[in-house]
Amino acid sequence: MEDFTAFVSWPSAPLTDRLVRTALDILSPRPTIVTSLSAESVASPRNLLQWATYDVIDHDLTFSHLPQCKVLSSSYVIRKALIRKHFLSRCIRNYLMKHPESLLVRSVPRTWELEISFADELDELWEDDLYDLSDELDKRDPSKWWILKPGMADRGMGIRLFHTKEDLQEIFQEFERDDSDLEVDEEDEDRRGTAVVTSQLRHFVIQEYLGDPLLLDPAEVPLDSTPIPALTDLRGHKFHLRVYCVASGTIRVYVYDRILALFSAMPYIPPSVPAKGEGTNELDLAVHLTNTSLQTERGQAGVRLLDELIGCHVLPCPGHLSRRPHPEPRDAMGQATDPDAVRIARREASECAFESHYPILSVEDVSELKSQMSDVLSETFKAAVEMSIHFQPLPNAFELYGVDFVVTHNPSLDASRRFQVNLLEVNSEPAIELTGPRLTWILEDLFKAIAKTCVLPFFSPVASPAREVSNGWKVGETRENLRKCLDLQMRGAQGW
């Protein structure tokens with residue numbers, strides 16, 4: 001590998017800064033690390049790696065530099081088609097119009113885009129961009145719910161659930177009040193964490209709420225010496241999967257095999273129509289939102305590895321648990337039944353019924369989920385590439401994304417397809433610090449894998465072993481705990 005200088009700067013992300021430096025230490029020879037770019041290095045960068053936050057990268061260097069210089073940057077310059085929710089929705093919709101056979105048809109919730117600043121603009125939108133959603137809402141199906149998300153916010157900001165047109169109107173009126181009065185009372189502390197200012201966030205998406213999530217109890221994988229609850233005491237929690245994905249060049253995409261499961265703080269209860277006089281603003285979002293940014297007080301309590309969940313029981317939604325009569329212990333003729341024996345027998349019978357009625361998450365299930373997510377990400381990046389105005393991969397760039405999926409559960413389907421992953425969003429510069437100290441080791445492993453996969457081949461000669469290994473890596477193959485899911489060869493104005 002050739003010598004190079006590494007510009008490393010993560011002012012607001014000290015953990016990322018440390019992970020990058022640790023990853024670069026494994027390379028030989030080790031690069032010279034700098035925390036700022038001098039005028040000389042910008043004018044003649046020679047061999048330069050910019051592994052830094054997007055805002056401090058010199059993107060002009062990424063686009064244009066002297067022919068004899070090599071510059072590699074840790075972010076694509078243009079990638080809105082992926083990281084902005086409303087652009088991602090448009091990107092996938094356009095792709096499905098050209099490729100209706102794509103698996104994205106069943107892997108992305110139905111989504112609508114809207115641009116709005118004031119609640120009274122909704123009346124016009126119902127007749128125009130949201131006409132088909134309007135028809136759905138007019139049916140007032142009690143099982144249908146919808147989720148509103150700001151297109152450019154992250155960490156759970158501005159997310160709301162609603163059931164009717166009136167609910168959505170009330171939500172935007174609430175946003176307007178927050179806009180005009182930024183002072184929030186102490187009693188509104190819980191809602192302040194997800195408040196947004198609509199004058200600053202005009203773009204929103206509405207998605208169909210997936211009301212049949214896969215439910216598990218993280219208590220079956222305790223983080224300390226806490227005993228595992230009895231089967232009959234398990235409570236299903238909603239969770240989403242955080243997948244780390246690396247895109248490199250033009251374009252190869254890799255999925256990190258160690259996937260996080262981020263659980264909600266409260267056991268799952270399906271949203272329901274509120275009592276008369278109450279609005280949907282009374283819904284407890286802690287039941288439905290799994291974002292760790294909204295549960296910082298819990299620390300790492302709700303974070304597990306997907307692989308750790310193998311063997312956990314697949315739990316039903318509340319109200320779907322079948323009730324079976326408990327057999328009584330047989331007693332000898334003429335003898336009174338021991339009350340303790342009755343309780344023990346009932347508990348044992350209940351647990352046996354529970355065990356037989358509710359299956360466990362198997363190794364095969366987890367493998368299938370990983371395969372589905374890999375395939376969905378492959379299609380998603382293909383869709384982004386076709387939206388070339390808003391996604392432009394470069395041969396001298398790579399980028400780490402945090403991709404969120406929710407898994408739905410349909411027990412009536414064939415066992416091989418009872419679980420379906422659903423793409424929620426793609427995040428640049430994911431908040432990896434919320435993973436927690438217990439699992440920091442997977443981040444260390446991830447960043448080292450990025451250094452070996454994206455950085456080492458770039459600064460190695462064409463005929464080097466590192467290049468040969470990289471070029472021989474086939475789609476579907478896993479190395480360094482990275483599974484290659486896409487390998488496209490693109491051509492563009494720069495000759496690649």
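Which residue in β16 is the bridge partner of Thr-478? The exercises below work towards this and similar points.

This is a predicted model, where local features need pLDDT of at least 70, side-chain atom pairs count only at pLDDT 80 or more, and totals for chains, interfaces and linings use all residues. Residues are numbered from 1 along each chain as its sequence is written, and side-chain values use heavy atoms, with hydrogens and water left out.

**Exercise 1. Find the partner of Thr-478 and describe the hairpin around it.**

Solution.
- Step 1: fix the terms. Helices (H or I, at least four residues) and strands (E, at least two) are DSSP runs, numbered from the N terminus. Two strands pair if DSSP finds at least two bridges between them.
- Step 2: locate the strands. β15 covers residues 478-479, and it pairs with β16 in the antiparallel sense over 2 bridges.
- Step 3: read the partner. Thr-478 is bridged to Arg-483 in β16.
- Step 4: look at the turn. The hairpin has 2 residues between its strands, and Glu-480 takes a positive phi near 55 degrees.
- Step 5: look for another partner strand. β16 (residues 482-487) is also joined to β10 by 5 bridges, running antiparallel. There, Tyr-256 has Leu-482 as its bridge partner.

**Exercise 2. Work out the strand order of the parallel sheet and place helix α1 on it.**

Solution.
- Step 1: order the strands. The sheet is open, has 4 strands and runs β2-β1-β3-β4 with parallel pairing.
- Step 2: find the edges. β2 (32-34) and β4 (70-73) each pair on one side only.
- Step 3: take the twist. Neighbouring strands are turned by 20 degrees on average, direction ignored. Axes are lines fitted to C-alpha atoms, for helices over the stretch in contact, and angles run from 0 to 180 degrees between N-to-C directions.
- Step 4: check one pair. β1 (residues 5-9) and β3 (residues 47-52) pair over 5 bridges. Ser-9 stands opposite Ala-52.
- Step 5: add the helix. α1 (residues 14-25) packs on the sheet and touches β1, β2 and β3. Its direction makes about 160 degrees with that of β1. Contact means heavy atoms within 4.5 Å.

**Exercise 3. Test the length of α1 and list its buried residues.**

Solution.
- Step 1: compute the span. The expected value is 1.5 Å times one less than the number of residues. For the 12 residues of α1 that gives 16 Å; the end C-alpha atoms are 17 Å apart, so the two agree.
- Step 2: list the buried positions. They are Leu-15, Thr-16, Asp-17, Leu-19, Val-20, Ala-23 and Leu-24. Buried means under 20% relative accessible area, exposed over 50%, partly exposed in between (1.4 Å probe, protein chains only).
- Step 3: name the cover. It includes β1, β2, β3 and α13 (440-458).

**Exercise 4. Describe the antiparallel sheet that contains β5.**

Solution.
- Step 1: order the strands. The 4 strands of this open sheet run β5-β8-β6-β7.
- Step 2: find the edges. β5 (111-115) and β7 (160-162) each pair on one side only.
- Step 3: take the twist. It averages 25 degrees from one strand to the next.
- Step 4: check one pair. β5 meets β8 (residues 203-208) over 5 bridges, and Glu-113 stands opposite Val-205 in β8.
- Step 5: add the helices. α5 (residues 85-98) lies across β5, β6 (146-150) and β8, at about 130 degrees to β5. α8 (residues 131-138) lies across β5, β6, β7 and β8, at about 145 degrees to β6.

**Exercise 5. Is Leu-214 buried or exposed, and what does it touch?**

Solution.
- Step 1: place the residue. Leu-214 is in the loop between β8 and β9 (239-248).
- Step 2: apply the cut-off. Its relative accessible area is 1%, so Leu-214 is buried.
- Step 3: list contacts beyond four places in sequence. Among them are His-237, Phe-239, Val-314, Leu-361 and Phe-419.
- Step 4: take one distance. The C-alpha atoms of Leu-214 and Val-314 are 7.1 Å apart, with their positions 100 residues apart along the chain.

**Exercise 6. Judge the confidence of the model.**

Solution.
- Step 1: take the average. pLDDT is the predictor's confidence in each residue, from 0 to 100. The protein averages 85, and 80% of the residues score at least 70.
- Step 2: find the extremes among the elements. Helix α10 (residues 189-192) has the lowest mean, 46, and strand β10 (residues 252-256) the highest, 98.
- Step 3: apply caution. Where pLDDT is low, the predicted coordinates should not be read in detail.
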